[in-house]
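Let's take a walk through a protein model together. Keep the sequence and the 3D view side by side as you read.

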Amino acid sequence: MKSFLAEVVTEVYKKEISLDQCIFIVPNKRAGIFLKKEILKQNPEATLILPEIYGIEDFIGTLVDLQPIEYIQLLFEFYKIYLITLPDETKETFESFISWATIVLKDFFEVDSHCLPVDRFFSYLSDIKEQEHWYIQDQKTELMENYLKFWQNIAVFYDAFTNHLLSKGMAHTGLMYRTAAQSSKEYSTITDKTHLFVGFNALNKAEELIITNLIHTGRAKVFLDTDAYLLHTPFHSAAHFLKKYIKEWEYFKDYPIHPKNQFSEPKQIEIIGASQAVGQAKVLQKILSDIPQENQEQTAVVLADESVLLPVLNAIPGNIRTVNITMGMPVKDVPFQYFFANLLNAHLSSTQEGFYYQDVLLLISHTLLQKLIRPEVTALNTFIKDQNLLYITFKEIEAISKSTEDETLKLLFTPYQTVSIALENILKFINFCKNQFSEEEDATTHTYLYHFNIIFTQLLDFQDRYKAIKSLKVLLYFYREIVKNQSVDFIGEPLQGLQIMGMLETRCLNFDTVIINSMNEGIIPAGKTESSFIPYDLRKLYQLPTYKDRDAIFSYNFYRLIQRAKKVYLIYNTENEGVGGGEKSRFIRQLIIDKQPNHHLVEKVGIASISSIVQPRLEIVKNEAVLSSLKKWAAHGISPSALTTYIRNPIDFYYQYVLRIKEENVVEETVAANTLGTIVHNTLENLYKPLKGNCVTASDYKDFLKKIEDEVSQQFRSEYSTIHIKKGKNLLIYEVAKRYIERFIALEKKVSATEVIKVKGVEENLKVNFMSEAFDFPVVLRGKVDRIDEIDGNLRILDYKTGRVSASELKINTITEVITDYKYSKAFQVLMYGYLYKNQPGNKEKDIYGSIVSFKNLKEGFLQLKYKMEGDKKLYENMDVNCMTEFHQVLETLLKEIFNPNLPFIEKAV
């Protein structure tokens with residue numbers, strides 16, 4: 001099918017318009033590139049001078065003698081005028097100013113680009129603002145008065161700002177349009193060239209004036225890109241603006257248009273739902289993999305949501321040889337962007353205590369620093385975690401820098417006394433990085449650093465000129481604003497291969513195969529949200545764009561893109577989360593309801609193929625090195641917790657006790673559960689240890705209650721000197737620890753009212769040699785018993801548990817169960833403590849009981865170990881000789897399994 005640009009070039013040749021006497025004006029530069037291609041295509045043998053071809057903004061620039069000003073600089077210039085215009089008592093800080101100035105500037109752009117009568121418009125706006133907010137109030141507060149004065153002075157701001165810019169030969173986009181429109185009447189009388197306006201749809205008032213002025217002098221022709229079906233269907237929003245121009249402009253009475261009905265011609269349309277950006281990318285991958293190479297140049301992937309560019313690029317299949325990406329990689333998606341944002345945020349969040357540890361760890365874990373100064377980064381990371389530092393001072397960082405003889409960390413963490421110092425230090429750091437990376441081997445890193453060097457140089461230049469950025473908070477805001485609007489361009493051939501582009505870049509272009517992603521409400525069209533101070537009614541009155549106009553623009557772009565296509569794939573997100581989630585775009589529903597007879601329309605849900613991978617259970621063979629490590633472990637001493645780890649999962653046991661891999665050391669900002677357990681254990685040890693060998697009396701319990709607060713505080717300080725225990729979650733945990741101990745003492749005091757409790761041992765370290773013919777090497781068992789006491793003459797082992805334990809976990813049907821079911825790990829520990837105690841000299845014949853006290857389940861009291869002997873239904877509590885003999889056999893079975901060289905460590909599902 002013939003493209004729109006091909007039809008335009010053919011029409012120009014038919015009318016015998018000389019190309020060297022033409023100026024083509026198209027919506028954007030990309031359309032201009034394809035127009036040049038079409039001109040050359042239709043003149044393959046001829047030698048010709050190409051006509052002037054402009055995107056509309058470039059053409060506007062030729063009509064005015066003004067320099068466009070960047071948006072960030074515009075804010076600074078506006079603030080300068082704001083300070084001059086307002087009296088001192090009502091002036092706001094720059095930080096407060098930018099919160100509303102961005103919206104006001106956007107409204108100024110619209111006012112100028114639509115050539116509105118400024119005084120009348122702003123007077124009307126001021127009256128509306130007064131009616132909106134304060135009309136009921138007779139007596140106005142100072143806040144009300146200032147608010148109304150602002151809107152009464154808005155025209156003054158506009159005039160002063162506009163005159164200031166014009167005096168400097170500068171202009172924002174809207175002002176350039178207004179100035180161009182004002183000069184277009186004179187320009188249209190002196191130009192001798194024919195201006196061909198190609199593929200325009202929704203024009204602002206300035207564009208309308210420029211085109212109509214040129215038409216009146218016979219120096220313009222207009223080529224509309226539309227379709228008969230869309231143009232002649234009543235109320236169809238896709239042709240909303242074109243119908244208006246055709247009706248109102250005299251030009252179209254002299255030169256009526258007769259578009260073809262290309263939209264209704266045969267098309268294959270697939271509507272595909274997929275989950276999230278990655279799911280849509282997978283569907284795209286499948287579609288692209290079926291496109292032959294000769295058709296790829298006539299295929300366009302259009303990103304309705306340009307933020308999904310990365311998933312789309314990662315999904316391009318191998319059969320796609322050449323890709324042209326028109327939009328560039330947004331700088332906000334570049335990994336380095338987060339590094340510099342985090343650096344500024346770290347300084348912004350720092351206090352007199354220093355830098356918050358998470359801010360520091362986030363920075364030094366970035367790949368940029370990992371590549372540059374790994375030893376220094378490792379040293380700082382270790383220092384923070386070993387010292388459990390919530391805040392780290394610059395002096396501490398400086399000391400680490402000196403010890404490693406590297407100044408990089410010092411450069412990053414030197415306190416930013418001023419914004420200029422911050423920017424200078426960041427630029428020094430970027431230059432340092434550029435010198436460390438090879439331009440050939442790290443081309444991508446160099447490209448990224450080059451762009452960030454430009455960004456921070458620009459910020460430093462603005463700060464030197466305007467001195468307006470007074471805080472790091474404002475600096476961070478401007479950094480994010482600049483990053484949001486910049487991109488890293490891809491290098492490619494614009495006319496070759498698969499085209500990946502945004503919706504606006506498709507204007508004037510046609511493709512046989514069109515694939516559009518993110519076809520959801522809230523994305524295409526974008527929705528009703530608008531950041532403006534101009535109310536809807538005033539917009540309607542002065543014919544400024546409303547959300548309905550924006551919807552019509554989206555509609556035009558969508559239908560224009562697919563009207564000449566043969567195959568159309570519309571992919572939408574099926575998930576109901578966030579903007580653009582779940583609900584199909586109204587354009588999809590329109591296609592379904594207004595289905596044309598020649599359209600073959602299919603709806604489906606794309607499900608990414610997921611191969612079912614059954615991970616085999618990990619097995620570790622016990623080679624000589626493993627067996628040697630096991631024997632060392634046995635000689636050092638086997639603890640109950642080591643054996644219960646093996647029962648739970650042999651692979652965890654292998655990592656922890658054979659390979660000796662420790663858990664990663666992390667900073668405890670709030671006291672962890674295991675640390676709370678240590679604090680409770682140590683507190684009870686210090687309270688009860690002085691009573692070893694004595695009975696506990698009522699006065700002892702009173703004494704305990706007096707000591708609890710000081711003792712718990714001491715234990716907290718001992719464990720972590722840097723943690724604040726008197727605020728936040730730690731205060732709650734501190735109170736929990738006190739409460740645990742107070743309730744335990746109350747429980748034991750209640751027991752002591754009827755029974756005599758004598759303390760025999762506190763935190764006793766017990767150790768025995770395990771005697772078995774199965775092993776020809778020493779096997780030592782060891783354990784630390786929380787408390788051994790005597791209640792009315794009965795010996796008891798008491799184990800403290802700060803977690804929740806229930807009575808059922810200490811009730812076992814057979815002693816063998818303790819090594820086959822991890823549920824009985826607590827019972828295993830009590831039995832092993834009993835075994836250790838009974839095998840101490842002189843204790844073999846002593847009866848002993850085992851109990852656990854669960855601080856989270858104190859209402860159950862002391863939980864008693866209860867067990868059944870093999871072949872006996874009776875429940876026993878006393879760990880007597882028979883019990884210990886059977887437990888010895890059970891232990892032997894478990895240890896033989898661990899040391900058996902023919903039995904690998906096999907992973908268990910936990």
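The paragraphs below go from sheets to cores, ring pairs and a few unusual backbone spots.

First, some ground rules. This is a predicted model, in which local features need pLDDT of at least 70 and side-chain atom pairs count only at pLDDT 80 or more, while totals for chains, interfaces and linings use all residues. Residues are numbered from 1 along each chain as its sequence is written, and side-chain values use heavy atoms, with hydrogens and water left out.

Let's begin with a parallel sheet. Four strands make up this open sheet, in the order 2-1-5-6, with parallel pairing. Helices (H or I, at least four residues) and strands (E, at least two) are DSSP runs, numbered from the N terminus, and two strands pair if DSSP finds at least two bridges between them. At the edges are strand 2 (52-55) and strand 6, each of which pairs on one side only. From one strand to the next, the twist averages 20°; axes are lines fitted to C-alpha atoms, for helices over the stretch in contact, and angles run from 0 to 180 degrees between N-to-C directions.

Inside this sheet, strand 1 (residues 22-26) is joined to strand 5 by 4 bridges, and the two run parallel. Look for Ile-23, which stands opposite His-195 in strand 5. Helix 2 (residues 29-41) packs on the sheet and touches strand 1 and strand 2; its direction makes about 135° with that of strand 1. Helix 3 (residues 56-63) also packs on the sheet, touching strand 1, strand 2 and strand 5, and its direction makes about 105° with that of strand 2. Contact here means heavy atoms within 4.5 Å.

Now move to strand 6. Strand 5 (residues 194-198) runs parallel to strand 6, and 4 bridges join them. Leu-196 stands opposite Lys-221 in strand 6. Together with helix 10 (residues 205-216), strand 5 and strand 6 make a right-handed β-α-β unit. A crossover is right-handed if, with the strands pointing away from the viewer, the path from the first strand over the helix to the second runs clockwise.

Which way do the side chains of strand 6 (residues 220-223) point? Ala-220 and Val-222 point one way, Lys-221 and Phe-223 the other way, and all are buried. Buried means under 20% relative accessible area, exposed over 50%, and partly exposed in between (1.4 Å probe, protein chains only). In a regular strand the side chains alternate between the two faces of the sheet.

Next comes a mixed sheet. Here 5 strands form an open sheet in the order 19-20-21-23-24, and the pairing is mixed. Its edge strands are strand 19 (757-769) and strand 24 (862-864), each pairing on one side only. The twist averages 40° from one strand to the next. Strand 23 (residues 848-854) and strand 24 run antiparallel, joined by 3 bridges, and Ser-851 has Gln-864 in strand 24 as its bridge partner. Helix 35 (residues 825-838) packs on the sheet, touching strand 19, strand 20 (780-791), strand 21 (794-801) and strand 23.

What about the cores? A nonpolar core is a set of buried Ala, Val, Leu, Ile, Met, Phe, Trp, Tyr and Cys residues joined through side-chain atoms within 4.5 Å. The largest has 136 residues, of which Phe-452 and Tyr-479 touch the most other members. A second, separate core of 60 residues includes Leu-630, Val-805, Val-830 and Phe-899.

Aromatic rings come next. The structure holds 75 aromatic pairs. Rings of Phe, Tyr and Trp (its six-membered ring) pair if their centres lie within 6.5 Å; planes under 30 degrees apart count as stacked, over 60 as edge-to-face and the rest as tilted. Tyr-79 and Phe-97 form a tilted pair, 4.8 Å centre to centre with 55° between the planes. Trp-633 and Phe-899 form another tilted pair, at 6.1 Å centre to centre and 40° between the planes. Trp-633 lies in helix 28 (residues 624-636) and Phe-899 in helix 36 (residues 881-899), so the pair ties together parts that are 266 residues apart in sequence.

Finally, the backbone. Most residues other than glycine have a negative phi, and most peptide bonds are trans. Yet a cis peptide bond joins Ile-524 and Pro-525, with omega about 0°. Cys-115 has a positive phi of about 50° although it is not a glycine.
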